[in-house]
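Biologist: Could you walk me through the labels you put on this chain? I would like to hear the reasoning behind each one.

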Amino acid sequence: MAEGLINQDELIDRCFSRPVASAIVAVVRPTPVTPNMLTFVAACFGVAAGVFLALQEGVWAAVMVFAYLAFDCSDGQLARSRGGGGLMGRIADGLGDYVAATAIHIGLVIWLADGYGWIVAFPVTVGAGFSMGWTSLLLDRYKQRYRGTPDDFDAIDEAVQGASWFERAMIRTFRSYASRVDGGVVIPDLAAYQQRVRFPMRLWLWVGPTTHFATLAICAVLDTPLSYAFIACVPMNLWGDITMLIQRRLERRRPAVVQEGGDESA
């Protein structure tokens with residue numbers, strides 16, 4: 001992390017996921033295990049968490065969720081430790097995250113439907129899922145701006161050339177998401193930007209995907225899955241909306257620290 005920057009990890013990642021992931025990487029680094037293999041293992045733990053949620057086994061669901069979080073951090077750490085990491089690895093990691101999140105929410109809706117009926121379970125689970133997706137996108141956006149690491153869209157477009165049909169589909173899907181994260185802005189003075197938005201950057205770290213998953217795991221252990229849906233749909237959304245208003249106000253306060261004119265497709 002660059003000197004002077006605040007830690008951009010969510011609390012659970014900082015205290016649990018990354019330390020455990022570092023231990024995993026220390027074990028597998030000398031082996032033929034690849035980052036994509038760890039991505040696959042992480043997705044499997046996510047799917048297992050969804051199965052245990054559907055079975056209303058809250059403790060085991062929580063164990064699987066935290067195993068997913070640890071392995072989800074380990075793939076990138078392994079790639080960086082070997083001096084690698086590229087576009088297709090990021091895409092594979094994102095695909096694994098989508099598979100895990102989908103499985104977990106399917107398990108959640110089945111559990112809720114058993115206790116409250118589908119009329120309640122379906123909309124609140126969809127609401128929780130959209131809340132996670134929305135706040136995760138915003139966290140990705142403002143972390144990227146804070147770090148000053150925008151995606152190279154020309155390189156992404158070049159990667160499509162010569163790729164298989166499946167890879168092209170994945171790259172184009174990733175590009176669509178990356179353009180939304182980019183938000184179409186340019187930051188002329190990164191140091192001034194970082195200094196101004198330190199406060200909202202800290203606030204964003206409380207509504208990211210890891211916080212959502214950890215909250216769900218705790219509610220599952222307490223046998224109160226509906227509580228998670230409420231927390232995701234109401235307090236976390238409000239937190240994200242208020243933080244976004246603070247962020248935008250600080251970005252546009254004169255002298256503005258952002259300018260329009262990023263990726264044209266954003």
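Modeller: What follows is a short talk about labels and the values behind them. Please keep in mind that this is a predicted model.

Biologist: Let's start with the charged pairs. What makes R18 and D9 a salt bridge?

Modeller: The closest N and O atoms of R18 and D9 are 2.9 Å apart. The rule asks for a side-chain nitrogen of Lys or Arg within 4 Å of a carboxyl oxygen of Asp or Glu, so R18 and D9 form a salt bridge. By this rule the count comes to four salt bridges.

Biologist: Why is D9 called buried, and R18 partly exposed?

Modeller: Buried means under 20% relative accessible area. D9 has 12%, so D9 is buried. R18 has 27%, and because partly exposed covers the values between the buried limit and the exposed one, which is over 50%, R18 is partly exposed.

Biologist: How do you know that D151 and R90 form a salt bridge?

Modeller: Their closest N and O atoms are 2.7 Å apart, and the limit is 4 Å. The pair also links distant parts of the chain: D151 sits in the loop between α5 (118-147) and α6 (153-160), while R90 belongs to helix α4, 61 residues apart. D151 has 14% relative accessibility and therefore counts as buried; R90, with a relative accessible area of 44%, is partly exposed.

Biologist: What makes R145 and E251 a pair that ties together separate parts of the sequence?

Modeller: R145 and E251 form a salt bridge, with the closest N and O atoms 2.9 Å apart. R145 lies in helix α5 and E251 in helix α12 (residues 235-252), so this pair ties together parts that are 106 residues apart in sequence. R145 has 8% relative accessibility and counts as buried. E251 has 4% and counts as buried too.

Biologist: Staying with helix α12, why is Q247 called buried?

Modeller: Q247 is found in helix α12. The relative accessible area of Q247 is 1%, and the limit is under 20%, so Q247 is buried. Leaving aside neighbours within four places in sequence, Q247 is in contact with Y142, Y193, V197, P200, M201 and W204.

Biologist: Now the helices. Why is α2 called roughly parallel to α4?

Modeller: The axes of α2 and α4 come within 6 Å and cross at roughly 5 degrees. Angles under 35 degrees count as roughly parallel, which makes α2 roughly parallel to α4. Among the residues making the contact are A43, G46 and V47 of α2, and G96, V99 and A103 of α4.

Biologist: What makes V47, V51, L55, L95, V99, W165 and F166 a nonpolar patch?

Modeller: A residue needs over 30% relative accessible area and no salt bridge to be part of a patch, and nonpolar side chains are joined within 5 Å. These residues form such a patch on the surface, with about 680 Å² of accessible area together. The elements that give two or more residues to the patch are α2 (35-54), α4 (87-116) and α7. Take L95 as an example: L95 has its place in helix α4, and with a relative accessible area of 39%, L95 is partly exposed.

Biologist: And why is Y177 counted as partly exposed?

Modeller: Y177 lies in helix α7 (residues 165-182). At 26% relative accessibility, Y177 is not under the 20% limit for buried and not over the 50% limit for exposed, so Y177 counts as partly exposed. Not counting residues up to four places away in sequence, Y177 touches Y98, S136, L137 and D140.

Biologist: Last, the backbone. What is special about phi of Q56 and of D223?

Modeller: Phi of Q56 is near 60 degrees, a positive value in a residue other than glycine. Q56 lies in the loop between α2 and α3 (58-81). For D223, phi is near 65 degrees, again positive in a residue other than glycine. D223 lies in the loop between α10 (209-221) and α11 (225-233). D223 has a relative accessible area of 53%, over the 50% limit, so D223 is exposed.

Biologist: Which kind of peptide bond joins R254 and P255?

Modeller: That bond is cis, with omega about -5 degrees. P255 lies in the loop between α12 and β2 (259-260).

Note on methods
Residues are numbered from 1 along each chain as its sequence is written. This is a predicted model: local features need pLDDT of at least 70, side-chain atom pairs count only at pLDDT 80 or more; totals for chains, interfaces and linings use all residues. Side-chain values use heavy atoms; hydrogens and water are left out. Helices (H or I, at least four residues) and strands (E, at least two) are DSSP runs, numbered from the N terminus. Buried means under 20% relative accessible area, exposed over 50%, partly exposed in between (1.4 Å probe, protein chains only). Contact means heavy atoms within 4.5 Å. Patches are made of residues with over 30% relative accessible area and no salt bridge: like charges are joined within 9 Å, nonpolar side chains (Val, Leu, Ile, Met, Phe, Trp, Tyr) within 5 Å. Accessible areas come from the Shrake-Rupley method with a 1.4 Å probe; for residues, only the protein chains shown count as cover. Axes are lines fitted to C-alpha atoms, for helices over the stretch in contact, and angles run from 0 to 180 degrees between N-to-C directions. Angles under 35 degrees count as roughly parallel, over 145 as roughly antiparallel, 65 to 115 as roughly perpendicular and the rest as oblique.
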